[in-house]
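Biologist: I would like to learn how to read a structure. Could we go through it feature by feature?
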Amino acid sequence: MGQFWSTTILDYFIALGVVLGGSLLGGVGAFLADRAPMDAMLGLSEQLKIWALVAALGGTFDTIRAFETNILGGQIGQVGQQLIFVLSAFFGAHTGTLLIRWLFQGSFH
Amino acid sequence: MQRKLFQLPKAPLFVSFLLGVLFGAIGINFLYGHKLDSLYLERNALYYQTNQKQKEINNLTEELNKLAKKKSDQNSDRILKVQVEVENDLRFAQEEVKSEVEKIVEPFIGKSSQWISNNPDLLDTLLQERTIEIRNSNSNTGAIQIQLQLKYIAFLDSTLKIWVTAQERAPNELTLE
């Protein structure tokens with residue numbers, strides 16, 4: 001498996017793990033803090049999406065810098081790769097949110 | 001060295017225990033999360049209802065206080081008690097004169113103090129040169145005639161205070177009448 005695919009899969013699962021782990025442990029924390037755990041988990045799964053994306057990509061500035069370097073250097077292929085990494089991380093985070101919703105609400109909506 | 005050997009097997013055990021606690025907590029959350037959420041919602045609803053009831057109680061208490069104040073204001077305008085002060089030289093008939101005057105002015109109890117203060121001549125007319133007969137054991141005649149005269153009136157909340165001058169009438173005065 002090439003470097004590109006392994007990074008894509010890694011980004012997907014990192015984002016998924018951030019959302020799932022953050023929400024599940026956040027639910028335990030919410031229970032300890034005298035708040036409704038399910039409601040807290042659903043809220044956290046939405047709030048953590050953007051942070052999961054950032055964590056998977058290894059920091060916003062690096063990605064933006066890579067975009068800048070590649071665009072200015074005329075390497076459009078590299079720009080496309082970076083976009084796929086971002087999309088992969090986004091889908092990972094979104095899958096995490098959907099899973100939490102499905103687990104607690106019984107539906108994806 | 002001995003300490004390290006002793007700690008090494010314990011460290012993974014402790015971490016495993018912590019992870020077990022976390023996974024167990026997550027599992028319990030999965031199992032009882034819905035029930036917990038509904039209990040929290042019920043608790044919030046109960047808090048809200050309790051607050052509403054507390055507000056209602058506060059409003060009713062305020063209303064009750066207002067009504068009590070209004071009632072007390074209404075009563076304060078009425079004469080509930082008459083206090084009589086007698087100015088005379090008779091040493092032994094003071095209490096008898098007081099009770100006789102109290103009997104005379106008894107119809108004023110329950111009347112508005114404002115009405116009496118606007119018409120003080122009513123009291124004056126009632127007591128003007130009025131003669132009362134009092135049985136006095138210290139007197140040789142047995143009964144003495146006392147002439148009353150209204151001096152002052154005053155209102156103390158719901159009490160009507162009357163100052164009366166009482167003079168013993170001479171026997172010849174009695175025969176003239």
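Modeller: Start with burial in chain B. Of its 177 residues, 23% count as buried. Keep in mind that this is a predicted model.

Biologist: What share of the 109 residues of chain A count as buried?

Modeller: For chain A, 36% of the 109 residues count as buried.

Biologist: Next, secondary structure. How many helices and strands does chain B come to?

Modeller: Count the elements, then read their order. Chain B comes to five helices and four strands. From the N terminus on, the order is α-β-α-α-α-β-β-β-α. Chain A comes to four helices and zero strands. Its elements run α-α-α-α.

Biologist: How do I read contacts along the sequence?

Modeller: Ask how far apart the partners sit in the sequence. Take contacts in chain B between residues at least 6 apart. Of these, 51% join residues at least 24 apart. For chain A, with the same starting set of residues at least 6 apart, 68% join residues at least 24 apart.

Biologist: Now the interior. Which residues touch the most other members of the largest nonpolar core?

Modeller: A nonpolar core is a set of buried nonpolar residues joined through side-chain atoms. The largest one here has 23 residues. B:Val97, B:Leu123, B:Leu127, B:Ile146, B:Leu148 and B:Ile162 touch the most other members. Then ask which elements feed the core. In chain B, β1 (81-87), α2 (94-105), α4 (120-127), β2 (130-135), β3 (143-156) and β4 (159-168) each supply at least two of its residues.

Biologist: Which residues is B:Leu148 in contact with, beyond four places in sequence?

Modeller: Leave aside the neighbours within four places. B:Leu148 is then in contact with B:Val97, B:Val101, B:Ile104, B:Leu127, B:Gln128, B:Glu129, B:Arg130, B:Ile132, B:Val164, B:Thr165 and B:Ala166. Apart from the largest core lies another, of eight residues. Among them are A:Met38, A:Met41, A:Ile100 and A:Phe104.

Biologist: How do I read a pair of helices? At what angle do the axes of α2(B) and α4(B) cross?

Modeller: Look at distance, angle and handedness. The axes of α2(B) and α4(B) come within 11 Å and cross at roughly 125°. The two helices are therefore oblique to each other. The crossing of α2(B) past α4(B) is right-handed.

Biologist: Which residues of α2(B) and α4(B) meet?

Modeller: From α2(B) come B:Val101, B:Ile104 and B:Val105. They meet B:Leu123, B:Leu126 and B:Leu127 in α4(B). By class, this contact has six nonpolar, no polar and no charged residues.

Biologist: Let me try a pair in chain A. Where do α1 and α4 lie in the sequence of chain A?

Modeller: Helix α1 of chain A covers residues 3-32, and helix α4 of chain A covers residues 76-105. Their axes come within 7 Å and cross at roughly 30°. Angles under 35 degrees count as roughly parallel. So α1(A) and α4(A) are roughly parallel to each other. α1(A) passes α4(A) in a right-handed crossing. By class, their contact has 14 nonpolar, nine polar and one charged residues.

Biologist: One single residue to finish. Why does B:Thr159 count as buried?

Modeller: Check the accessibility against the cut-off. Buried means under 20% relative accessible area. B:Thr159 has 14% relative accessibility, so it counts as buried. B:Thr159 is found in strand β4 of chain B. Not counting residues up to four places away in sequence, B:Thr159 touches B:Lys81, B:Gln83 and B:Ala154.

Terms used: Residues numbered from 1 in each chain as written. Chains lettered and ligands numbered in written order. Predicted model: local features only at pLDDT ≥ 70, side-chain atom pairs only at ≥ 80, totals over all residues. Heavy atoms only, no water. Core = buried A, V, L, I, M, F, W, Y, C linked by side-chain atoms within 4.5 Å. Buried < 20%, exposed > 50% of the residue type's maximum accessible area, 1.4 Å probe, protein only. Contact = heavy atoms within 4.5 Å. Axes fitted to C-alpha atoms, helices over the stretch in contact; angles between N-to-C directions. Parallel < 35°, antiparallel > 145°, perpendicular 65-115°, else oblique. Left-handed = near helix turned anticlockwise from the far one by under 90°. Nonpolar A, V, L, I, M, F, W, Y, C, P; charged D, E, K, R; others polar.
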